[in-house]
Amino acid sequence: MNPSYPVVVMEVPSALNNLEGQAFFQEIQPLLETDRPRIVLDCSQLQHVDSAGIEILLHCIEEAMKRDGDVKLAAVSPASVAILELMRVDRLFEIFDTVEEATRSFHAVAAPETPQTLPWYSGNYRLGEAKAS
Amino acid sequence: MGLGAVVVLTMEKDTGVYAGTDGQQQPLVAQPLGCVDVLGRPIVERTIQHLLNAGVEKVTLLTSKDVFRNCPSLANRLDKVEVQLVDNPYSAVNHMLSRYAEDGIDQAFVLADNVYAETDLLDFVYFHREAKKGITRAFDQEGPLDLWVVDCADFSRFDLEKMGAADGDAASYFIAGYVHRLLHPGDLRAIIADSLRGICAMRPCGQEVRPGIWVDEGAEIDRRARIVAPAYIGCHTRVREDALVTRCSSIERDCCIDFGTIVEDSSILANTRVGIWLDVRHAVASGNKLLSLKHDVLLRIADPNVMRFNGILPNEETNDPSGNRERAAHPVVSKIQPEAAPERWQLGANLIQG
């Protein structure tokens, strides 16, 4: 992943239910539609999350991954982590203690600056010569 | 030289209350932890049985009306026990000891419901008689226990309300055996794990259908569910397809573990329905409440599809609109078929892994 793409930190509302979740998703949707979205959800204010809220989080990560991006969670309260575990969602998200750690994690595993542009079977790899020899 | 016992059952010490990380006091269960079913029977019932087996002639259970109302099944189970409903159970102990003295009972055990101790009770009594101090308090490695032997005639010296104010005069009896205090719902989990691992003498109810797997009367376990030893499945509990119960987990009576749910290192207390495709790990669950021991937090689940008390909503299987589950409708014998060999085509039909 190219580190030049910005990391966006977004605060999750205190309640992530059907009503609040829809409003939250409308807010985050434009970010998810960018190229390679890199989003950190600051869950420090999050106190109540239900099945609808979990579904919205799943929808967010699904949209981000479709575009080769990722959504990471930060500052999640123990109660919210317990709910994520109960729903088996915890393994889908990377969860960090602080927003800074989550932001740093995007830079830590950055891909090489010069991406490979040529396929391995192209002529420049001299596959033909290797075969002839 | 008769023996008596006074068992004090109360929630005054917040034994059933757990403080969440948000500082709110929330009860996981409405009754004292000693009255909660543990592997089929409440701890207090096991303790009373232990007392009766040791030759105690008269057992009195002192409790308040509020506590007793939350333990409706207790009265039916304790047929040999006199239950006294009082405003303050601790202050009623002295009165009860004086009555014992009048009835010719010389010594009596006095204990709270928050102690589970495996010890030779008669040895405790003999020690008390030899000490000649009137009061003997039990200790273990962690300190004093709410378990005494007292001379009934000397009851005035006994002040349970102050919890050991008379300790200066009391003899100390050290219990080297298995002792567990029930001060937190997590203690239930610990004692269940100890029992299933064989660390203590407490045994689950029901039959051991495979080594380490205990199944109580009327339990229904689907062929595609997996139970990994050691584990306990309680009376009239249903474990449905693709569910997994593992790592010293216990499911108490009248529960339902729905499709694909994993119960790992957890205890599901009585009358709890756990919904489909959930992951209950390192937790104690009761109704719509889940205490995560890993995160030290108590969750209240509002969505009844996720977790709820069992039997409140209509029973889907019998289409009973009243929601009342008729026990007679369930087979008396467990539906588990340990001897039946799975068909070749049935993937995952390996019901139990011992």
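**Chain B: burial, contact with chain A, one hairpin**

Of the 354 residues of chain B in this predicted model, 47% count as buried.

Colleague: What makes a residue of chain B count as buried?
Modeller: The cut-off is 20 or more other C-beta atoms within 10 Å of its own. In chain B, 47% of the 354 residues pass, so they are called buried.

Colleague: How many helices and strands are there in chain B?
Modeller: Chain B has six helices and 31 strands. A strand needs at least two residues. Strand E26 of chain B runs over 279–281, so it qualifies.

Colleague: What share of the contacts in chain B join residues at least 24 apart?
Modeller: Counting contacts between residues at least 6 apart in sequence, 52% do.

Colleague: How many residues does each chain bring to the contact between A and B?
Modeller: Chain B gives 15 residues and chain A gives eleven. On the side of chain B, strands E26 (279–281), E28 (289–292) and E29 (297–300) each supply at least two. E26(B) has the largest share, with three residues. By class, that side of chain B holds eight nonpolar, three polar and four charged residues.

Colleague: Why are E14(B) and E15(B) called paired?
Modeller: Pairing requires at least two bridges. Strand E14 (residues 207–210) and strand E15 (residues 213–215) of chain B have three bridges, so they pair, in the antiparallel sense. B:Arg210 stands opposite B:Ile213 in E15(B).

Colleague: Which residue takes a positive phi in the hairpin of E14(B) and E15(B)?
Modeller: B:Gly212, with phi near 85 degrees. This hairpin has two residues between the strands.

Terms used
Residues numbered from 1 in each chain as written. Chains lettered and ligands numbered in written order. Predicted model: local features only at pLDDT ≥ 70, side-chain atom pairs only at ≥ 80, totals over all residues. Helix = DSSP H or I, 4+ residues; strand = E, 2+ residues; numbered from the N terminus. Buried ≥ 20, exposed ≤ 12 C-beta atoms within 10 Å, placed from the backbone. Contact = placed C-beta atoms within 7 Å. Nonpolar A, V, L, I, M, F, W, Y, C, P; charged D, E, K, R; others polar.
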